[in-house]
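Visitor: I am new to this structure, and I would like to understand how its descriptions are arrived at. Could you take me through the reasoning step by step?

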Amino acid sequence: PILASAHENGCICLWSIQGNLVKELLPFSKHPSVPLTALCTDISTKKLLAGSKEGHIMRWCITSFLEDPQNNKNQVKEEACWRAHATEVVDLFHEEEKNVVVTASIDGSVRLWNAMNGYYLGYYGQPRKFELSDISRLILPCDVNTFPIIIKEESKYMEDEELGYPIVLDREK
């Protein structure tokens, strides 16, 4: 068993039951780390989701890591990130059977998202029924203006490196 804790510096710590730190996760983001305010997993413990103070949702695949946490080859891979609310996420849960994530914010809104791609499906209290099968059109809530990011492969922070052949302006060409 592994215990996950979310922290103010944006880090998720994975702990053994004995209290030993097993792994630290930092979300891949172009923005500085912000406090994480909510955590959940799906029932089968394949996905780990976190909500942030700025309203973002991040999703990691933790399956291979949980099979053998001591093996460094088994990594936790961030798969998606999306802006769910304009304000702090206070709670979230993943409904595996319907493949949806439900998020709640301090602004009082409760929203429904496709768990795989972060597409917005609607909000609780809307006049129409939720259409869970139609994810072909990408719509956003009125207070969110950024589209979900699907992380295809393991992204690493770029380090400054010196170029061997810098770009030079040649006015004759």
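**A cluster of rings**

Guide: In this predicted model, ring pairs link Trp82, Trp113 and Tyr120 into a cluster.

Visitor: How many aromatic pairs are counted here?

Guide: The count comes to two aromatic pairs.

Visitor: What makes Trp82 and Trp113 an aromatic pair, and why is the pair called tilted?

Guide: The centres of the two rings, Trp82 and Trp113, are 6.3 Å apart, and ring centres have to lie within 6.5 Å, so the two count as a pair. Their planes stand at 45 degrees, and because stacked is kept for angles under 30 degrees and edge-to-face for angles over 60, the pair is called tilted.

Visitor: Where in the chain do the two partners of this pair lie?

Guide: Trp82 belongs to strand β7, residues 77-83, and Trp113 to strand β10, with their positions 31 residues apart, so that the pair links distant parts of the chain. Trp82 and Trp113 are both buried.

Visitor: Why is the pair of Trp113 and Tyr120 called tilted as well?

Guide: The planes of Trp113 and Tyr120 are at 55 degrees, with the ring centres 5.0 Å apart, so this pair is tilted. Tyr120, like Trp113, is buried.

**A residue in a loop**

Visitor: Why does Asn117 count as buried?

Guide: The relative accessibility of Asn117 is 16%, and because buried means under 20%, the residue falls into that class.

Visitor: Where is Asn117 placed, and what does its side chain reach?

Guide: Asn117 sits in the loop between β10 (110-114) and β11 (120-123), and its side chain reaches the backbone nitrogen of Tyr119 at 3.0 Å. The C-alpha atom of Asn117 is also 6.9 Å from that of Ala80, although the two residues are 37 apart along the chain.

**Strands and a record**

Visitor: How do you know that β4 and β5 pair?

Guide: Strand β4 (residues 36-41) and strand β5 (residues 47-52) run antiparallel and are joined by five bridges; because at least two bridges are needed, they count as paired. One of the residues involved is Leu36, whose bridge partner in β5 is Ser52. The hairpin has five residues between the strands, and Thr45 takes a positive phi near 55 degrees there.

Visitor: What does the UniProt record say about residues 82-114?

Guide: The unreviewed UniProt entry annotates residues 82-114 as "repeat: WD". Over this stretch the model has 0% helix and 61% strand, and the end C-alpha atoms are 11 Å apart.

How values were computed. Residues are numbered from 1 along each chain as its sequence is written. This is a predicted model: local features need pLDDT of at least 70, side-chain atom pairs count only at pLDDT 80 or more; totals for chains, interfaces and linings use all residues. Side-chain values use heavy atoms; hydrogens and water are left out. UniProt positions are given in the numbering used here, feature names are shortened, and annotations may be inferred rather than shown by experiment. Helices (H or I, at least four residues) and strands (E, at least two) are DSSP runs, numbered from the N terminus. Buried means under 20% relative accessible area, exposed over 50%, partly exposed in between (1.4 Å probe, protein chains only). A polar contact is a pair of N or O atoms within 3.5 Å; within protein, one must be able to donate a hydrogen and the other to accept it, and residues adjacent in sequence count only if both atoms are side-chain atoms. Rings of Phe, Tyr and Trp (its six-membered ring) pair if their centres lie within 6.5 Å; planes under 30 degrees apart count as stacked, over 60 as edge-to-face and the rest as tilted.
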